[in-house]
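Dear colleague,

I am passing on the structure we spoke of, and my notes on it follow below. Please read them with the sequence and the model side by side.

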Amino acid sequence: ESIQGFANTSDEGWLRSMFAHKVDARKDAHSNLLSKKETSNLYKIQFHNVKPECMEAYNKMSDEVQRELHRDADYPCEVIGSWNTWYGEQDQAVHLWRYSGGYPALTECLRKLNSNMAYLAFRKERSKMLISRHNQLLLEFSFWNEPVPRSGPNIYELRTYQLVPGTMIEWGNNWARAIKYRQENNEAVGGFFTQIGELYVVHHLWAYKDLQSRQETRNTAWLKEGWDVNVHYTMPLIQKMESRIMIPMEHSPLQ
């Protein structure tokens, strides 16, 4: 009889866990909860895999086109940084754009560029140099600093995290506390999460003087009480992670 009673109790608990599990209601989309409220900036990150023999010509052409766009006040967009990957995926260019005014600004830029004959000619020429490309639309985390131009020379690390779906809020809550451990050497450049493209992807962008400085800066973080706790709670949220070490192109505002 006691065994039967235990079985009934266990069944009830099992059924309750299957059908009566209650999830706390979220009051808003994570994009609104985690992104900056005082700005409506939208970011785009582009990954271009370039034919090795075309890299020099690609960089030169990108420089010319970006300078022209920056000179024209009619385009509400700007390049935050342009890099070539040094360690990670080889023969790759990475561009980070900011659209001041969110999705309307993006739409306006696309409309104008599609009628800009010089830009269309550039895009046609660029297509001959590329093996593949992909992009993502991003919002910036509210607790990261706004990316601003900086002088060099620096190397940049783009750390990309594919999170378990549904864990973005938890990631943000942990990093809102943890970012203070990673600002001592002014290494934090920007933090973003995807809105369109691969979803539940986070990009953290860091700047270091060189690889040795990177190692020393990262080691220093482990000496601070609290950093290990952040790592402990965020590691289970990650499905996949990737690190790129990147060198700024000559025209990049982030040097």
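**Cysteines, one strand and two cavities**

The cysteine sulfur closest to that of cysteine 77 belongs to cysteine 109, and at 3.6 Å the two are too far apart for a bond, since a disulfide requires the sulfur atoms to lie within 2.5 Å. Please bear in mind that this is a predicted model, and that the structure as a whole holds 0 disulfides. Cysteine 77 is buried, its relative accessible area being 9%, and cysteine 54 is also classed as buried, with a relative accessible area of 16%; both assignments rest on the cut-off of under 20%.

Strand β2 covers residues 77-87, and because 8 of its 11 residues are buried, the strand is largely enclosed by the rest of the structure. Which strands does β2 pair with? One partner is strand β3 (residues 92-99), which runs antiparallel to β2 and is joined to it over 7 bridges; within this pairing, glycine 81 stands opposite leucine 96 of β3. The two strands form a hairpin with 4 residues between them, and in that turn glycine 88 has a positive phi of about 125°. Another partner is strand β8 (residues 238-248), again in the antiparallel sense, here over 4 bridges, with tyrosine 87 standing opposite isoleucine 245 of β8.

As for internal space, the structure holds 2 cavities of 30 Å³ or more. The largest cavity has a volume of about 40 Å³, and its lining is made up of Ile45, Trp83, Leu96, Leu138, Leu158, Phe192, Leu205 and Met246. Leu96, named above as the residue opposite glycine 81, is thus listed again in this lining. By class, the lining of this cavity has 8 nonpolar residues, with no polar and no charged ones.

How does the lining of the second largest cavity divide by class? This cavity holds about 30 Å³ of space, and its lining consists of Tyr181, Arg182, Glu184, Asn185, Glu187, Thr217, Thr220, Ala221 and Lys224. These residues divide into 2 nonpolar, 3 polar and 4 charged, whereas the lining of the largest cavity has no polar and no charged residues.

If you open the model, I would suggest looking at cysteine 77 and cysteine 109, then at the hairpin of β2 and β3, and after that at the linings of the largest cavity and the second largest cavity.

With best wishes

Technical notes. Residues are numbered from 1 along each chain as its sequence is written. This is a predicted model: local features need pLDDT of at least 70, side-chain atom pairs count only at pLDDT 80 or more; totals for chains, interfaces and linings use all residues. Side-chain values use heavy atoms; hydrogens and water are left out. Buried means under 20% relative accessible area, exposed over 50%, partly exposed in between (1.4 Å probe, protein chains only). Two strands pair if DSSP finds at least two bridges between them. On a 1 Å grid over the protein atoms alone, a cavity is a set of points where a 1.4 Å probe fits but cannot get out, and a pocket is an open set with protein on both sides within 12 Å along at least five of seven lines; lining residues have an atom within 4 Å of a point. Grid points are joined across faces, edges and corners, and a volume is the space filled by probe spheres set on the points. Ala, Val, Leu, Ile, Met, Phe, Trp, Tyr, Cys and Pro count as nonpolar, Asp, Glu, Lys and Arg as charged, and the others, Gly among them, as polar.
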